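Student: I have a structure open and a pile of terms I only half trust. Can we go through what earns each label?

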Amino acid sequence: MNAPNKSGWKPESPVGHEGVHEGPATVTGNRALMLEEPLIFEIGTTETTGVDFEFAGNLDLAGVEQPAKPTQNVPSRLGSHARKGEIGLPGLTEPETVRHYTRLSRQNYAIDLGLFPLGSCTMKHNPRLNEKVARMPGFADVHPLQPVDTVRGALEVMNELAHWLLKLTGMHGVAMSPKAGAHGELCGILCIRAALEARGDARKVILVPESAHGTNPATAAFAGYEVEDIPATAEGRVDLEALKQRLGPDVAGVMITNPNTCGLFERDMKAISDAVHAAGGFVYCDGANFNAIVGKVRPGDLGVDAMHINLHKTFSTPHGGGGPGSGPVVLSEALAPFGPLPYTARDGDGVVHLVEEENADEFEHPRAFGRMTAFHGQMGMFTRALTYILSHGADGLKQVAEDAVLNANYVLRSLDEVLDAPFGPSGPCMHEALFSDKGFGEGMSTLDLAKGLIDEGFHPMTMYFPLVVHGAMLVEPTETESKAGLDQFIAALRSVAERAKAGDESLKASPYYAPRRRLDETQAARKPVLAWKEPSPPGGPAAPSEVGGR
Amino acid sequence: MRYLPLTDTDRSAMLETIGASDIDALFADVPEEARLSGPIEGLPMHASEMAVEKHMRRLSKKNLAAADAAFFLGAGAYRHHVPASVDHIIQRGEFLTAYTPYQPEIAQGTLQMLFEFQSQVARLYGCAVANASMYDGSTACWEAISMAGRITKKRRALLSRGLHPHYVNVVETMAKFTGDDIASDWPRLEAQYDEDALIAQMTDDMSCVVVQYPDILGRLPDLQKIADAAHDKGALLIVANTEPVALGAIEAPGNLGADIVVGEGQAIGVGLQFGGPYLGLFAVTNEKHVRQMPGRLCGETVDAEGKRGFVLTLSTREQHIRREKATSNICTNSGLCALAFSVHMTLLGEKGLRALAAENHRLACLAADRLAQVPGVTVLNESFFNEFTVRLGQDARAVVRRLADDGVLAGVSLGRLYPNREELADGLVVAVTETTSEQDIETLAAALEETLT
């Protein structure tokens, strides 16, 4: 089945893998627009550079050419520290560089190419105005340690973004410096620990649901806590009664993702918070899925004490192939006094200040637990996120959540008769639809379905997460997809799902049409090759691997 | 709303497919008393691209951009010329709007780039293996200490006096919670780095010694001497570098006995950006330590047809597999900054990096000699790369503020970095790069001369 797009166009002759005419092999290994590209180490040389200098220096450094016209020469102050021997860095001229990376770029899937339904990752469109703003010289070309009078605009950006985050979450304070979601989690957990220590309460345990992101237990352990599971109900939510049973004087807090990783809103969130507070603990909320509820409900109204916000999810800063992110943490009145330095504060005259170690007392923040990073946080992400927020406004952000949830439910209900939706019967989902591999043909897996979806031109959904569902497939379309785009995706997913259910063996070897077929991950881990090495001469022995055993 | 493709007709049709009466039916699980009825009050409504751009431009104009000043700031963040093609490449949507390469068949662009990046960093640092990046230098520094603890099974770290104070603060903050014992001290204004003082503090229960190279005052410690002493105590040497361009001129830490080399990669390709996002670099000299490393690693393999390809590997160290037993909780790192670094480094190549480093050093030497002629100014350093410390004989922080009013950003005062250390108050750290002109140096010298006399 081929889905028409808005205009009714559809491919003329849809072909399965068996219908493809295998052409002759090519000398280059290229296949028309699918271009192979060597490593820079294989095409560059240490003699080549793509950068010209006004003047190339006249110091006695190995490998540096003598300049034609030195203006002023001075003796070196490197002493005995000068670098000897070749570094081994290949260089390319600008045209070669641009071509190398452009060719590499074409081997990537990206939101700009199509729907990217990774559950819990919120792969939404990245507005280009954000990029333009972040590159304004007043933001891009300022040093973090300039005198504060020369960077008041940057501080105002931080403060304005902080204001929005507080309003949108109904919280009391915000730590802006965490560098990404997991760093924000750490910040929140450290605030909890600092607050407990301030009252002389040495609690040891953090409770985390089994369905949580791996970062949650890793963070709690990194902060020195023991981690225990919170049981879930059959309908995919935290088991409130079981949680209440476990609460006690040793429990520092709970980490709950809401909406959770099954794509469901934790209906009992307020009751959970009340129970945790009554037992003397704190509530950490993983805000990875805030996109589903922004402008619809405020975590502060549900009793949350700390929540990180992934600016690279809800607020559209680009994922960049794995970062950089940004993870400001909003804090309740109980935890705000412990938030880390630095942060910004507006005084009575409207001037925004940078509050650091030296003036924390002056700004009545003497109990900060410390500092999580050099400098002041991800400014380049703050400018982008604020631009996004101002573009949407309070009304647009509410619409974002509504459309994100609408799109996810549309996917869920369009596919739940072909794919098993374990929590489908219990009601609507939030921003992501969860399916399982129940009903697949003998030997067919979620991985096979995902790889089949690649051949249909889509990035697969999140696979095998959350762990509580067998062969989980978590689909988060986001609000920036059109209905026609969703219909096309649904048709593709339906087709691949039907093949998986029918036991279509051809799926096992998919993808067929990607730049690479399935990659051997076992070999990669068993004999790790993590850096380029000059190949050994023909006939000579292969370079031995010295990576230790497990 | 220009970013939301659904029309009202679409929305109605979709609700019908779903079988929901209205949008609120989809939010039925949110308790009614917590559900907001309309847009949050007191916040503006959506705005046009033109209006938002105007607002943001107004804020940006309140900052003094480095390009509009005679600029001498460093201390962990450096201003270098970034070729135009770097920014062009990182804005290609296939890089900019991709996710972590979890589906390697359609992420070879990012993966090959990461493999090249890891190889470049390993070579720059003189190490065997580098990872696919950390958040920044300061967090990488803490992760290295944490890793040294896992390897040596000891929980005491010795930080050298020349380590960036923000890095020290990050380490001490984390150690407060993990129970690690951290020995740290502030720097002394001495012309040469005092290796013997550091060695005298070494004890058998140390997991590691952390040395910044060049240090916060710009001096060049004798790493080999420190490495030998640390190894004698059964400790690892962690070297932190905040200026990667320096390694085009000075010996790589990995070639001088370092076990773990971490650093800030911002200087190459990334730009100042008021402190972030930056790029944490992390590498080890001994391949046997790879399984204790934090963060993502990209490795080479083959596909089902035998073609070379790349994947994220050794993920049994990581949080999404190991959960509470992971080597770190890091997930998202600095992928796009790693790309910027790698592109810039490819443009430079060995030849360009050497030339860039030489030009930085030449101009820094020139600046040091010129400032030494200013009455009241003493240059502290005997050795340095592109950053050195001068003493002004009066509160350097106040001098920096005064000069800023005249469009001269004179450097980072030690008073800013160590607010409570009176004995450091007259120190000023001055960084000079290829973006500094000889005229800028004259401007700074003249401004100091005027304000000091």
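Tutor: Let's start with "contact": two residues count as touching if their C-beta atoms, placed from the backbone, lie within 7 Å. With that cut-off, 72% of the contacts in chain A between residues at least 6 apart in sequence join residues at least 24 apart. Keep in mind that this is a predicted model.

Student: What is the matching figure for chain B, for contacts with a separation of 6 or more?

Tutor: In chain B, residues 24 or more positions apart account for 73% of those contacts.

Student: How do you know which parts of chain A to trust?

Tutor: Look at pLDDT, the predictor's confidence in each residue, from 0 to 100. Chain A has a mean pLDDT of 91, and 90% of its residues reach 70 or more. Two stretches need care. Residues 56-70 of chain A have pLDDT below 50, with 37 contacts in the model beyond near neighbours in sequence. Residues 542-550 of chain A are also below 50, and that stretch has 13 such contacts.

Student: What makes the radius of gyration of chain A agree with a compact globule?

Tutor: The rule is 2.2 Å times the number of residues to the power 0.38. For 550 residues that puts a compact globule near 24 Å, and chain A has 27 Å, which agrees. Its C-alpha atoms fill a box of roughly 70 × 70 × 55 Å along the principal axes.

Student: And why is chain B called as compact as a globular protein of its length?

Tutor: Chain B has a radius of gyration of 25 Å, and the globule rule gives 22 Å for 453 residues; the values are close, so the label applies. The C-alpha trace of chain B spans about 80 × 55 × 50 Å along its principal axes.

Student: What share of each chain is buried?

Tutor: A residue is buried if 20 or more other C-beta atoms lie within 10 Å of its own. By that test, buried residues make up 58% of the 550 residues in chain A and 63% of the 453 residues in chain B.

Student: Which residues of strand β9 of chain A are buried, and which are not?

Tutor: In strand β9 (residues 352-355), V352(A) and L354(A) point to one face and are buried, while H353(A) and V355(A) point to the other and are not. In a regular strand the side chains alternate between the two faces of the sheet. β9(A) follows that pattern, with its side chains alternating along the strand.

Student: How do you know that β8(A) and β9(A) are paired?

Tutor: Pairing needs at least two bridges. Strand β8 (residues 343-346) of chain A has 4 bridges to β9(A), and the two run antiparallel. One bridge partnership is R346(A) with V352(A). The hairpin has 5 residues between the strands, and there G350(A) takes a positive phi near 90°.

Student: Over in chain B, what makes β2 and β4 edge strands?

Tutor: They belong to an open sheet of 7 strands, ordered β2-β8-β7-β6-β5-β3-β4, with mixed pairing. β2 (129-130) and β4 (181-183) of chain B each have a single partner strand, so one side of each is left without a neighbour in the sheet. Within that order, β5 (206-212) and β6 (236-241) of chain B are parallel, over 5 bridges, and Q212(B) has A240(B) as its bridge partner.

Student: In the 4-strand sheet of chain B, which strands sit at the edges?

Tutor: Its order is β11-β12-β15-β14, with antiparallel pairing. The edges are β11 (378-379) and β14 (412-413) of chain B, each pairing on one side only. β11(B) and β12(B) are joined by 2 bridges. That count sits right at the minimum for pairing, which is two. V379(B) stands opposite V390(B) in β12(B).

Student: How is chain B divided, and which residues meet between its domains?

Tutor: Domain 1 of chain B is 66-81 + 350-452, and domain 2 is 84-344. The contact takes 31 residues from domain 1 and 26 from domain 2. On the domain 1 side, α12(B) gives the largest share, 7 residues.

Student: Last one: how many residues make up the contact between the chains?

Tutor: Chain B gives 176 residues and chain A gives 187. On the chain B side, helix α12 (residues 335-372) has the largest share, with 23 residues. By class, that side has 87 nonpolar, 51 polar and 38 charged residues.

Notes:
Residues are numbered from 1 along each chain as its sequence is written. Chains are lettered from A and ligands numbered from 1 in the order in which they are written. Ala, Val, Leu, Ile, Met, Phe, Trp, Tyr, Cys and Pro count as nonpolar, Asp, Glu, Lys and Arg as charged, and the others, Gly among them, as polar. A residue is buried if 20 or more other C-beta atoms lie within 10 Å of its own, exposed if 12 or fewer, and partly exposed in between; C-beta atoms are placed from the backbone. Domain bounds come from an automatic or database domain assignment.
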